[in-house]
Amino acid sequence: MQDNPLTIECFNFNSNGKHDLIGKVQKSLADLENLWISKQGENFFLPTAVGHNYHKVLKSQLFVDKFSESVQYTFLDYVAGGCELNFMVAIDFTASNGNPRLPDSLHYIDPSGRPNAYQRAILEVGEVLQFYDSDKRFPSWGFGARPIDGPVSHCFNLNGSSYQCEVEGIHGIMMAYTSALHNVSFAGPTLFGPVINTAAAIASHSLSCSQQKYFVLLIITDGVITDLQETKDALVKASDLPLSILIVGVGGADFKEMEVLDADKGERLESSSGRVASRDIVQFVPFRDVQSGEMSIVQSLLAELPTQFLTYMRSRGIQPKS
């Protein structure tokens, strides 16, 4: 790698975009390091019209003022070093999902055992991420419903507990989900802010315990969110934490606002106070796009996770354990 040739070109800038080549020099990384050590310059040259084998040596020189090398660790380096991905899930119980006792509901539990969209997303994503979580205790919430004898909640513990949000394993999530369908009254509206802030609080608390933890929140929803700006504010704040958010959109709703949250087009989210997200932490996938079978939910949802993870770790100078 150090001996691979690098071509360095110097241009005279023109505002019309047609910049004039002043000269170029070809050096390897090892050559550049030697220039830095010797404090000597290397002449630029300019190819002539006669042919590629002829060039004019210029008086202009390239100097290496500073030289440093750094190791770029991969996602697998962190995983091999024991870094954990802690899985969390939040499920939409708003009324727009339909009566769960009827077959046309997105929450309908098919007697044949065929999983609905919510169950499939939990199973497919959870089955992958659980292997990176040592205790396999997963915080699980519901939102947009009225728990028994209570007001509408936009972040309640899926297992019905008033103090413990964690369940045991993927099976525990599935059991808590099925139980919740019989114990909550669907309501609304669809708010993401409270769930994201709750997950962010857990990720923030972990910083005092370990740098080798990263959190992944899976949100499964059928509706267009009604707290878009509040959600943006929560995501911008969470972008400084070891947290990524995967969103699966089920049903036939218009999910354009989710694409805005995803920020795949390069525009980072901005909060109501004008603060810009430090990085992209959201990946959104409409369930209908993966039902054809050409690509799984896991492939689509987890495609950006390693990059989001590495961006966080590198920006904070956190190295994997050897």
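Glu166 is partly exposed in this predicted model, with a relative accessible area of 24%. The residue sits in strand β9, which covers residues 166-168, and its side chain takes part in a salt bridge with Arg137. The closest N and O atoms of that pair are 3.0 Å apart. Arg137, for its part, belongs to strand β6, residues 137-143. Since the two strands hold one partner each, the bridge ties together parts of the chain that are 29 residues apart in sequence. Arg137 also counts as partly exposed, at 25% relative accessibility. The pair is not on its own, either: salt bridges with shared partners join Arg137, Glu166 and Glu168 into one network.

Just before Arg137 in the numbering comes Lys136, which has a backbone quirk to look at. Its phi is near 50 degrees, a positive value in a residue other than glycine. That stands out because most residues other than glycine have a negative phi. Lys136 lies in the loop between α3 (117-129) and β6, and at 28% relative accessibility this lysine counts as partly exposed.

How many salt bridges does the model hold in total? The count comes to eight. One of them brings together the side chains of Glu42 and Lys27, with 3.4 Å from N to O. Here too the partners come from distant parts of the chain: Glu42 is in strand β3 (residues 42-47) and Lys27 is in strand β2 (residues 20-28), 15 residues apart. Their surroundings can be told apart by accessibility. Glu42 is partly exposed, with a relative accessible area of 25%, while Lys27 is buried at 17%, a value that falls under the 20% cut-off for buried residues.

Another of the bridges joins Arg275 and Asp240, whose side chains meet at 2.0 Å, N to O. Both residues are found in loops: Arg275 in the one between α7 (256-262) and β13 (282-286), Asp240 in the one between α6 (228-238) and β12 (243-249). The pair therefore ties together parts that are 35 residues apart in sequence. Arg275 is partly exposed, with a relative accessible area of 37%, and Asp240 is partly exposed as well, at 24%.

Disulfides are another matter, as the count comes to zero. What keeps Cys209 from forming one? The closest cysteine sulfur to that of Cys209 is in Cys83, and it is 14 Å away, which is too far for a bond, because a disulfide needs the two sulfur atoms within 2.5 Å. Cys209 counts as exposed, at 62% relative accessibility. Cys10, by its own value, is partly exposed, with a relative accessible area of 28%.

Stepping back to the whole chain, the division is into domain 1 (6-63) and domain 2 (75-316). The C-alpha centres of domain 1 and domain 2 lie 51 Å apart.

The helices offer some detail too. Two packed helices are described by the angle between their axes and the distance between the axes. For helix α5 (residues 193-206) and α6, the angle is about 15 degrees and the axes are 9 Å apart. That makes α5 roughly parallel to α6, because angles under 35 degrees count that way. The crossing in which α5 passes α6 is left-handed.

Ahead of α5 there is a peptide bond of interest. The bond from Gly188 to Pro189 is cis, with omega near -5 degrees. This is worth pointing out because most peptide bonds are trans. Pro189 has its place in the loop between β10 (184-186) and α5.

A second lysine with an unusual backbone is Lys39. Its phi is near 60 degrees, again a positive value in a residue other than glycine. Lys39 is found in the loop between α1 (29-38) and β3. This lysine is exposed, with a relative accessible area of 55%.

Last comes helix α10, made up of residues 305-315. Which of its residues are buried? They include Leu305, Gln308, Phe309, Leu310, Tyr312 and Met313. After α10 comes Gly317, whose phi is positive, near 65 degrees.

Definitions and conventions:
Residues numbered from 1 in each chain as written. Predicted model: local features only at pLDDT ≥ 70, side-chain atom pairs only at ≥ 80, totals over all residues. Heavy atoms only, no water. Salt bridge = Lys/Arg side-chain N within 4 Å of Asp/Glu carboxyl O. Helix = DSSP H or I, 4+ residues; strand = E, 2+ residues; numbered from the N terminus. Buried < 20%, exposed > 50% of the residue type's maximum accessible area, 1.4 Å probe, protein only. Domains from an automatic or database assignment. Axes fitted to C-alpha atoms, helices over the stretch in contact; angles between N-to-C directions. Parallel < 35°, antiparallel > 145°, perpendicular 65-115°, else oblique. Left-handed = near helix turned anticlockwise from the far one by under 90°.
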